[in-house]
Each structure stands twice: as structure tokens, then as C-alpha cells.
Amino acid sequence: MTYAGNAGLPGDTAAGRATPRPGRTWNSGLSEGEFAAISGAGFEPVGQVLGAAVYNIGYTGVWGCPGNWSVTDDNKPVPSSRWASSLSQLVRTMYAARRSALARAVAECGALGGDGIVGVDLHVGEFPAGGLEFTVRGTAVRARSRIRPRAPFTSHLSGTDFAALIGSGWVPVGLAFGIAFAIRHDDWRTSLRVPFATRNQEVDGYTQLISHVRREARRQLAVDTARHGGDGVVVDDVELRVGESECPSYGSSRDVTAEAVFVGTSIARFGRSGRPAGTRPPLTIMRLERER
């Protein structure tokens, strides 16, 4: 994470962020303990921020059945371009919706003179008039320092966890996402085994489906973390949704769908500029529970 000094800049700080006015009343979503923690780490709240985006997800599946090869086996990848291209468009829409809401919260943070947002809460729900509403809430904070980050950071960490992260020599860089969708035709490897579940045998087709989407979501999370310039990612939430729909190609048959979503905060060590050129450590995924 790169920082830029703002010494001598009149009025505004780096990256076009406003300087908070002295005596300005602020509000936050921080508890008393969180407020004390970020204050001890050299930060102060400048206000709550909100970003929202409503997207019409008019297409949630694929045109035509992908057949039995919609999910790749571990050692035998056999992708179908028809389903893959369709699902790719859906994944891009889901990323765009989350990033649009997050960008609007970051813009509010910059307008308040904040250096970043802590306690980011991302919520996805149905919008009453149709579509899905993506909302991002959090508390913008500002460092009591003449050193400013070039762009506001975003982090799901609570104020207490954020202070602990700073104290241990790490800084948050940005919220990272990993999203993956897959669809599988309910063939003989699944439908013939479900009625005999009392025999306690594995349903191979379902195992392959959920393993595939989780693996792909983790890979996308690593890609997004690297895009932010992070050394690792602190995972906040892991979701898996499985559903089914009528197969458009095989009459009464079913297609089984799976969606995996990983959300976390990419983090970086202080003083990374001293690292030899061309070297990068392995991506580390850590779990850090936040206070409820």
C-alpha cells in the first residue's frame, strides 16, 4: 500500500479528499470499544457512509442445458462454451453491482476527508420494485497524521480488529470478492442416488458441483486481492447457495445451480517497498471473526 505526504497542500488532501472542518459533528456505527480502539491506533471517525446500487438481474441461468459436462472433474476439464460464456456475464454483473455500491461509499468517504472505511457491511436483498439492491455501510475514519493514503481503503474489520491489524504491522487495502457460478444437469450420477440417501453414499455429481464453485471463488478472491496489491486476505464471509430449475432441453429433467461468494479484506505489510523486485509471497487466507 503506497502513501503520499500532503504537507503544504492547501485545503484539500491527497487524492482530492476534503479536509474535515474543525468542530464538525460526526456520526459513526462504532461501539464505545471500537471508538476507543481506533483512537488508540491513531485514527478518528469522520462520519458514516453509504453506497447503494439496484440491478435488474433479468438472467439467472443459461440458455439451453449444459448437459453432463457443465462442471469440470478434477483431472478432466471439459468446459462447455455455451454455459461458460453465459455464466461469465452473470458473474460480471454481480461483481459490477458490488463494486458500484462500494465505489459510492468510498466517494462519500473522500468527501468527508476520510482515509478509509472500517466495519464495511455489504448486504444484498430484493428490491421492492424488482431486481436486487446492493448496499454498503461503514464508518469513514481519518488518520491523525500528515501521511495520507493515495486512495481510501475499505475493510470489513470492526474498529477493534482494525486497530489490532494496524498494531501488528499490517494495513487494510481494499474489500476483495470471489464469485463463482456453475450449473449441472441432474443426470444419473445425481438423480438415481438421491432416493437412496439412507444408504449413506456420496452423491458424486453434487460434490463435484459445489467443489468446483468453491474452488473457482477462492481463485477469484486471490486474483482480486492481488489486484489491490495485497499480500493476503482476511476472509469475512463465505456463502454457498444451491438451487434447481427446470431443464429447458430435456423436458421434466432438472438443472442444479450453485453460487459461491467469498468476501474479505486484502491486507499488506508496512514497508513492502523494501522487498526484492519480482518476488511475491504465497497468498495467505486467514479467518478473523468480527464482533457481532
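In this short talk I will go through helix H1 and then two threonines of the model.

Before we look, please keep in mind that this is a predicted model, in which local features need pLDDT of at least 70, side-chain atom pairs count only at pLDDT 80 or more, and totals for chains, interfaces and linings use all residues. Residues are numbered from 1 along each chain as its sequence is written, and side-chain values use heavy atoms, with hydrogens and water left out.

Let us begin with H1, which covers residues 32-40 and in which Glu 34, Ala 37 and Ile 38 are buried, where buried means under 20% relative accessible area, exposed over 50%, and partly exposed in between, with a 1.4 Å probe and protein chains only. Helices (H or I, at least four residues) and strands (E, at least two) are DSSP runs, numbered from the N terminus.

Why do these residues lie on the same side of H1? They cover an arc of only 90° around the axis, the arc being that of the directions from the helix axis to the C-beta atoms. On the other side of H1, Glu 32 and Gly 40 are exposed. The buried residues pack against strand E2 (43-55), strand E4 (132-143) and helix H3 (159-167), with contact meaning heavy atoms within 4.5 Å.

Turning to the threonines, Thr 225 sits in helix H5, residues 204-228, and counts as buried because its relative accessibility is 0%. Thr 25, by contrast, belongs to the loop between strand E1 (3-5) and H1, and is exposed, with a relative accessible area of 70%.
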